[in-house]
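Welcome, and please open your viewer with the whole chain in sight. We will go from stop to stop, selecting a few residues each time and looking at what is there.

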Amino acid sequence: GSMGGHRASSEAATGAFAGAADAAAAVWAQATAAASLASDAATTTTIPAEPLPTPRRAAAAPPAGEKAPVHPKTGNPSMRADSPDDAKAVWRGEDWHGAAAPVLADWRKQADVLRRRVAALPPRRDGRPRTIGRGTRRRCAFDRERNASAFYGSQSVIDWLPEFALGFLHIPKCASSSIHALLEVTFGGYCKISGERLPPDAFVVAFLRDPVERFLSGYEESLFRAMRYGNESDTFERMRKRVPWITDRLGPYNHTGTDASSKFWDDKPFAEQTFDQFVRTPIYDSQMPMDVHSATQSALVATSADRVDFVGYVETINEDWSLLLSLIGALPVAPEGAPTSCADATGKKCVTHFRPHPRLVPANITAKQREAVCTLMEQDAQCLGIKSAWCK
């Protein structure tokens, strides 16, 4: 569900940018000062910092109070394209943004510029990586043949922005619905390119999350979707093929509705036994879980891209979204339910889609269960360099 709220006007978004970008500007000033000192000392080779562009409102951003234009074939503010070059023509289609819509002609040059800007940034204060280097498929032990199914094929999609020439990975349970809302109001939509067709030197962005918190959220989401439409639904049948021992346990809870899983979770001993069984190490399979929501982040990154050039995190989405916009030169536009700047000082976040009362959070599971989940999430730590705050 989406929080109720407002949609920022162009003027409000522009006026709020100074406050929203303060953190990003401070990070950039620190980066350029560090690069200058290193150059003066001649102790290391530094990558010359690219100057930040003057921020502007995206040309395709919808007028204040309006939604992004939808493509008539999809009914959504998105459309498939074969490649970044093909996306230019799709974006400029007369039935979508029109021939006058600006696009960035040389996406390779833009990728080089953006990588230099990211390389000039100082390390994150929390120690998490800002990028994920080439070779994720090798490091993540990604089995392409085993995962060449519709299950992962449908997830191997990059959301491409023709006007700014960069792509976003769609990682479920990492504020992905909220980020789609941001892409729509900030950039007027996006093209969807298969990860298999995306050139390896294209600039790619991903927002990730604490592995344990995401795993628990994904487990709850998987069960919710399996039970929401009843035991005869396609969703339930697909899960039955992958984890029959889970669906057998869910069988008695055959009812539908938006709160279909409440009966299951209210039976606390039964719900706890089901979770205990799911996280037993030879049973859980990170590359063939219940559904995409309970897959690991490392498996999902590896299926879509072999590198990530800018990594943001759900826990710091305000600062990271603001920093990314400053790197590419785009002004923020707030979706409904988000702060005007989508990065203000009140503690509100850019996250507008979330489950208000999750049943499964790290603080509410036992130490033994947390230890089991931490063991399963070692793949994210080893492959992506992201360790959970809940693990030793």
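Our first stop is a hidden space: the second largest cavity has a volume of about 50 Å³. A cavity here is a set of points on a 1 Å grid over the protein atoms alone where a 1.4 Å probe fits but cannot get out, and lining residues have an atom within 4 Å of a point. Grid points are joined across faces, edges and corners, and the volume is the space filled by probe spheres set on the points. To see the lining, select Pro-211, Cys-374, Met-377, Glu-378, Ala-381, Ile-386, Lys-387, Ser-388 and Cys-391. By class, 6 of these are nonpolar, 1 is polar and 2 are charged. In this sorting, Ala, Val, Leu, Ile, Met, Phe, Trp, Tyr, Cys and Pro are nonpolar, Asp, Glu, Lys and Arg are charged, and the others, Gly among them, are polar.

Before moving on, note that this is a predicted model, in which local features need pLDDT of at least 70 and side-chain atom pairs count only at pLDDT 80 or more, while totals for chains, interfaces and linings use all residues. Residues are numbered from 1 along each chain as its sequence is written, and side-chain values use heavy atoms, with hydrogens and water left out.

How many cavities of 30 Å³ or more does a search of the whole structure find? It finds 3, and the largest has a volume of about 80 Å³. Select its lining, which includes Asp-159, Phe-168, His-170, Cys-174, His-180 and Ala-206. The elements giving two or more residues to this lining are β3 (166–169), α7 (176–187) and β5. Helices (H or I, at least four residues) and strands (E, at least two) are DSSP runs, numbered from the N terminus.

Next, colour the strands. An open sheet of 6 strands runs in the order β1-β4-β2-β3-β5-β6, with mixed pairing. At its edges are β1 and β6 (310–313), each pairing on one side only. Two strands count as paired if DSSP finds at least two bridges between them.

Zoom in on β4, residues 190–194, where 4 of the 5 residues are buried. Buried means under 20% relative accessible area, exposed over 50%, and partly exposed in between (1.4 Å probe, protein chains only). On one side, β4 pairs with β1 (residues 78–81) in the parallel sense over 4 bridges; look for Ala-81 opposite Ile-193. Strand β2 (residues 157–161) is joined to β4 by 4 bridges too, but these two run antiparallel. Here Asp-159 has Lys-192 as its bridge partner.

Now move to β5 (residues 204–208), which is joined to β6 by 4 bridges and runs parallel to it. Select Ala-206 and its bridge partner in β6, Val-311.

For the last stop, go to helix α15 (residues 367–376) and pick Gln-369. Why does Gln-369 count as buried? Gln-369 counts as buried because its relative accessibility is 6%. Leaving aside neighbours within four places in sequence, Gln-369 is in contact with Glu-272, Phe-275 and Asp-276, where contact means heavy atoms within 4.5 Å. Add Arg-280 as well: Gln-369 and Arg-280 are 89 residues apart in sequence, and 9.4 Å apart in space from C-alpha to C-alpha.

Finally, zoom out. The protein has 16 helices and 6 strands, and 54% of its 392 residues are buried.

How values were computed
1 Å grid on protein atoms, 1.4 Å probe; cavity = no way out; pocket = protein on both sides within 12 Å on 5 of 7 lines; lining within 4 Å.
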